[in-house]
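Okay, thanks for making time. Let me put the structure up, and then I'll walk you through a couple of its sheets and what packs around them.

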Amino acid sequence: MTRNWLPIKTTPWTLGLPLLTILLLLQATSIPQRLDFWLYDALITANPAEVSDDVVLVAIDEQSVDRLGRWPWPRTTHARLIEKLHQAGAKTIVFDILFPEPAPDDPELATAMRNHGDVILPLHLSPPSRNYLISEQLPVPALADAASALGHAHVELDEDGLARGVYLLNGLGDQLWPSLALAASEKTLPATESGDIAPYTNVRQHYRTVPLAGGAGTLPSWSYTEVLQSPPAPEAFQGKTVFVGATAPGFGDILPTPFSGLHQPMPGVEFHANNYSALVQDELIAKVPRVTGIGLALFTILVLAVALPRMRPARNILLCLAWVGVLSLVHALLLFYGRLWLPVSHAIVIPLLALPVSSALRLAMTNRFLNRQLDELARGPTMTLQEPSRRHPPQLLSHFQALFQPEGWLLAEGNDVVTASGLTESDIPALDKPGEWVHLDSQSWISLTRGGLTYKLGLKLSNDLGREATQRYLRRLPLTASTTPSSRPGPRENISARIERVRLATERMSQMQKFIRRSFERMPDGIIVTDELGVIRFANGHIEEWFREPMPSLNGLPLARLLEGHDPRETPPWHETVSETLTLAQSRTVDLSIHNKDFLIHFAPFSLPDSDQSGIIANISDISELREQQRQHREAIDFISHDVRSPLVSQLALIEQLKRNGGQVEPDQLDQLGKLARRSYHLAEEFVQLARAEQLTETRFYECEFLAIVENARDSVSEQAAEKDIQLILQGTEDLWLKGNAELLERAVINLLTNAVQYSPPQSTITIQVFQAGHQACLTISDEGEGIAREELPHLFDRYRRQKSSELSGNHGTGLGLSFVNVVVEKHRGEIHVDSRLGEGSAFTLKLPVTHPIRSFY
């Protein structure tokens, strides 16, 4: 049953609403945010930022702790560091060290800070202890007054626990503090007005992500103790901003970053130094509001909902992948050139999810279509042939009798003979393997199993050349049913079961189409099918071969133009014949000539059932052989009426003359009468031999030895050669086996030798060479005769054609001898060549394909 109650279509609404629902569901998860973080990290780590030339670190590392003692150090130590850096020309000194509690040596540190004039101290925003509100942890007043500026050291961690950026302004209530990097850069940012704010409210503004220069240890760094114990180093600190902070493990001031994750975190002071380096180079990245990303996702849904239903599935994939690529490219361009971090995760996820949603809708539509068309496809036409393995042995015997007309047969069921003729039960051989033929000379036997019974079937075939082909055909017949696997349960899934049924139906239709197409290809005639405008829509292989036009160029070519291009004619023109076939719906039959070959083309109009479409089926038959036979028939009649009739008339006239002489017969008259009789016999013999050669087929071929054939032909003409004292020299000792008809080959060699003897002068030599060249058996007959004129060579093997020089010299021939040789060579798939010059003799070379002798067939 079909179920069409659910109206499923791929429209902008049916695709857009599911995508919008998916977008709303994504909002409730962290997947888009994680994707945004991954894209940002991948781009930032692949393209690290350049480090500013005026930033350097002084690290409180393990070496410094070992030499200067446990932390915290006296503040006089920091004062000495400031003095060293001041002597080295440091422009700004930024401490990432908190001084929230007073110490006895604060005045010395404050004095050193004032002497330098540009020392920045940090503050921290945190609750002093549990259950307390957040508060500002400032340096002691003496140091705060001596500092040129204060900056917060707070770094914001994202939801995945990585540090990617800071708030440039952070504080409580209306008091906003710049970050350490902003305080050191001497840049200012306006605070955003936000109305009355409670003094305990943490206010953060101007969030910027920091494009890091790399992992921990990337920035140039000096050990704290090295700076104290070494002379001032202006080359390292002159005019630079120096960040001082802890890098040794155990201080706790470490931050996981995109470069390191949680494996190798970065010290906080190095993160602030990266922040300063990016800030002074205007490379800090602003985050685009999240609503922009949602709007981009909505726009993506709109574009895909409108475009995907109108496109093919393959193009859907390309569009979605291209959209993802464009969004990724825009994201990268904005990040590196616009310094904006655009959240594109929603817009990227939507195209990736649109593909399965669109595919699901298309599958649902396909399922509906399958439901509507399945029964109709299942009832489609089929083309199946009954397998011989399913036929009962008596039926098989009946079919074999009708097909092969055997001389005898026998059919036995078990030990009982059902029917027999020409064969007896004693003739049955041992049949060990059921279903396999056993051939014994002209007898062929097989054992078959049908319905639990064993049958023995035998045929006695005619002992002719076709017996071997018949036995090979019997061996190929599948008379035993092949074992098929046990039936498996059909698919339980609804769509799979329907697809399987459609597959079976379309397979039957495909078999029918293949049968029709192969039938067209195997037909001996050329077939052209056109549409209602006479444009070719189908042509079989014969058309491509005969017209010498490639198949792609035939399809779509007007039939009239094809015919006019190969056989132009004026009365009637081809376009008129084609158009009248279509308009008058009448058949036409016209002669056609293509590349010197004769054809007959039959135009037949047709119309498709249940349709207004119509066209032409053109059937083209090759009648070149028929026309050639007609020509040969006319030449044969002319030959008989002249060449055969002439000696017979002469014989009759001579007989009448003998009658008038009253029985007195002169010897010369008998000689003349015998000569005329022999001429008539030779004419008839050559005519019969030529007819036999033309009817020769490969079924009459057998293994024969070429050298023996040539030797027999030489012996046949040796007496004729001896009469003219001509020497026949045979060169060749190798046995060359070939498959052919030895009788006709010998007659062809005799004809060549007879011509050589006839046209050679007395006491000359005829050389006969038999040799193998590659896969060919070659025969060359060379004489020392008169030779053949060059203009006569192209027509040497034409039927009934005589050489002009031979006729003038008195050697009257029939014109059939060399034609017979040419036909025999062609039937054996060989070649014949002539090399001749007047006054120097002629050389005929005959080449035939060799094979290996077959000693036994079974």
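Quick definition before we start: I'll say that two strands pair if DSSP finds at least two bridges between them. Also, keep in mind that this is a predicted model.

So, with that idea of pairing, look towards the C-terminal part of the numbering. There's an open sheet of five strands here, in the order S27-S29-S30-S32-S31, and the pairing is mixed. At the edges sit S27 and S31, residues 831-837, each of them pairing on one side only. From one strand to the next, the twist averages 15 degrees.

Let's zoom in on one edge. S27 and S29 are parallel, with five bridges between them. If you want a pair to click on, Gln731 has Gln769 in S29 as its bridge partner.

Now the helices. H23 lies across S27, S29, S30 and S32, and its direction is about 170 degrees from that of S27. H26 lies across S31 and S32, at about 145 degrees to S31.

What about the nonpolar residues in this region? The largest nonpolar core has 45 residues, and the ones touching the most other members are Phe706, Val770, Leu779 and Ile781. Elements that each give at least two residues to this core include H23 (706-723), S29 (765-773), S30 (776-782) and H26 (817-827). Which helix gives the largest share? That's H24, with ten residues.

Take Ile781 as an example. Beyond its neighbours within four places in sequence, Ile781 contacts Val749, Leu752, Leu753, Ala756, Ile766, Thr767, Ser842, Ala843 and Phe844. There's also a second, separate core, this one of 38 residues, and among its members are Val56, Ile82, Met113 and Leu150. As a general point, nonpolar side chains tend to be buried together in soluble globular proteins.

Val56 brings us to the other end of the numbering, and to S1. That strand covers residues 55-60, and six of its six residues are buried. Which residues point which way from S1? Val55, Leu57 and Ala59 go one way, while Val56, Val58 and Ile60 go the other, and both sets are buried.

S1 has pairing partners too. With S11, residues 241-246, the pairing is parallel and runs over six bridges; there, Ile60 is partnered with Ala246. With S10, residues 221-223, S1 is again parallel, through three bridges, and Leu57 sits opposite Ser221.

That's my tour, so over to you for questions.

How values were computed: Residues numbered from 1 in each chain as written. Predicted model: local features only at pLDDT ≥ 70, side-chain atom pairs only at ≥ 80, totals over all residues. Heavy atoms only, no water. Core = buried A, V, L, I, M, F, W, Y, C linked by side-chain atoms within 4.5 Å. Buried < 20%, exposed > 50% of the residue type's maximum accessible area, 1.4 Å probe, protein only. Helix = DSSP H or I, 4+ residues; strand = E, 2+ residues; numbered from the N terminus. Contact = heavy atoms within 4.5 Å. Axes fitted to C-alpha atoms, helices over the stretch in contact; angles between N-to-C directions.
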